[in-house]
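Take a moment to look over the model before reading on, and keep the sequence at hand so that each residue can be found as it is named. The paragraphs below start from one helix and work outwards.

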Amino acid sequence: MRPEEVIRLLESVGAIRQGHFELSSGLHSGTYVQCAVALQHPRYAEQLGRALAVEFHDLRVDCVASPAIGGIVLGHEVARATPARPDGSMARAIFVERDARGLMVLRRGFEVGPDEHVLVVEDVWTTGGSTYETIRVIEQAGGRVVAAGALIDRSGGQLEFPVRAEALVDLKIENYDAADCPLCRAGSAAVRPGSHFLGAMP
Ligand SMILES: [Zn+2]
């Protein structure tokens, strides 16, 4: 999928919205991104997962690892769309999650074998922090992270990862302090995206 096609799909289901939003961080923005709105539909999750997997078809991928919760469905679909290995086996999909101390860890019996080639996948990179942490967890567990991927890079290509990284869409999204928001100055009121927001759609 070309970047415009990915954006069109995400906009058509409401996963990318234009307007005036108050984000959970308190910052204001003219663009709201919530990939789960698209990924809740299995056919779109499959389509997006396949598109992201294509970016890495030149690599051997034994396992896809994602940060919970946002990356789980996408990681599963990317693993499904990853070509079978020479012995016919399919890539696995695992995820890392926070423990009681707030540290990212592998749980649930997930393991990575020595020199297993791992692709780290997330839906959106904002600071890239979850992907960085996932890379660290996988490497500490003995895996070899060969690349990282995301549907959307909100930094507009500003992030630097220690591995090859590909996003389907680079989207530079400006956020504003509420006290210094040009959209507020223009006279509109920010809305909080979420369930109420969806319910308020005409
Ligand atoms: Zn505002």
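**A helix with a buried side**

In helix H5 of this predicted model, the residues Ser130, Thr131, Thr134, Ile135, Val137 and Ile138 are buried. These buried residues lie on the same side of H5, because the arc that they cover around the axis is only 165°. The helix itself runs over residues 129-140, which makes 12 residues, and its first and last C-alpha atoms are 17 Å apart, close to the 16 Å expected at 1.5 Å a residue.

What lies over this buried side? The cover includes five strands that can be picked out along the sequence, namely S3 (63-67), S4 (92-98), S5 (104-106), S6 (117-125) and S7 (144-153). Just after the helix comes Gly142, whose phi is positive, at about 105°.

One residue shows in detail how the helix meets its surroundings. If neighbours within four places in sequence are left aside, Val120 is in contact with Thr131, Thr134, Ile135 and Ile138, and also with Ala65, Val145 and Ala148. Val120 also belongs to the largest nonpolar core, which has 50 residues, and it is listed with Val64, Ala65, Val78, Leu119 and Leu151 as the members that touch the most others.

**A small sheet**

A separate question is how the strands are arranged into sheets, and one open sheet can be followed here. Strands of a sheet pair through backbone hydrogen bonds, and the pairing may be parallel or antiparallel. In this case 3 strands lie in the order S1-S2-S9, with antiparallel pairing. Strands S1 (16-22) and S9 (175-176) are the edges, since each of them pairs on one side only. Between S2 (residues 28-33) and S9 there are 2 bridges, and the two strands run antiparallel; within this pair, His28 stands opposite Tyr176 of S9.

**Loops with unusual backbone**

Some points of the backbone deserve a careful look. The peptide bond that joins Ala68 and Ile69 is cis, with omega at about -5°, and Ile69 is found in the loop that leads from S3 to helix H4 (72-81).

The loop between S5 and S6 holds Arg108, and Asp115 lies in the loop between S5 and S6 as well. Arg108 is not a glycine, and yet its phi is positive, at about 60°; Asp115, likewise a residue other than glycine, has a positive phi near 60°. Are these two residues buried or exposed? Arg108 counts as exposed because it has 7 C-beta neighbours inside 10 Å, and Asp115, with 9 other C-beta atoms within 10 Å, is exposed too.

**The whole protein**

Stepping back, the reader can now place these parts in the whole, which contains 7 helices and 9 strands. The C-alpha atoms fill a box of roughly 60 × 35 × 30 Å when it is taken along the principal axes. For 202 residues, a compact globule would have a radius of gyration near 17 Å, and the 18 Å of the protein therefore agrees with that expectation. Buried residues make up 37% of the 202 residues. Among contacts with a separation of 6 or more, 67% are between residues that stand 24 or more positions apart.

Conventions:
Residues numbered from 1 in each chain as written. Predicted model: local features only at pLDDT ≥ 70, side-chain atom pairs only at ≥ 80, totals over all residues. Helix = DSSP H or I, 4+ residues; strand = E, 2+ residues; numbered from the N terminus. Expected span 1.5 Å × (residues − 1). Buried ≥ 20, exposed ≤ 12 C-beta atoms within 10 Å, placed from the backbone. Arc of directions from axis to C-beta. Contact = placed C-beta atoms within 7 Å. Core = buried A, V, L, I, M, F, W, Y, C linked by C-beta atoms within 7 Å. Pairing = 2+ DSSP bridges. Rg over C-alpha atoms; globule rule 2.2 N^0.38 Å.
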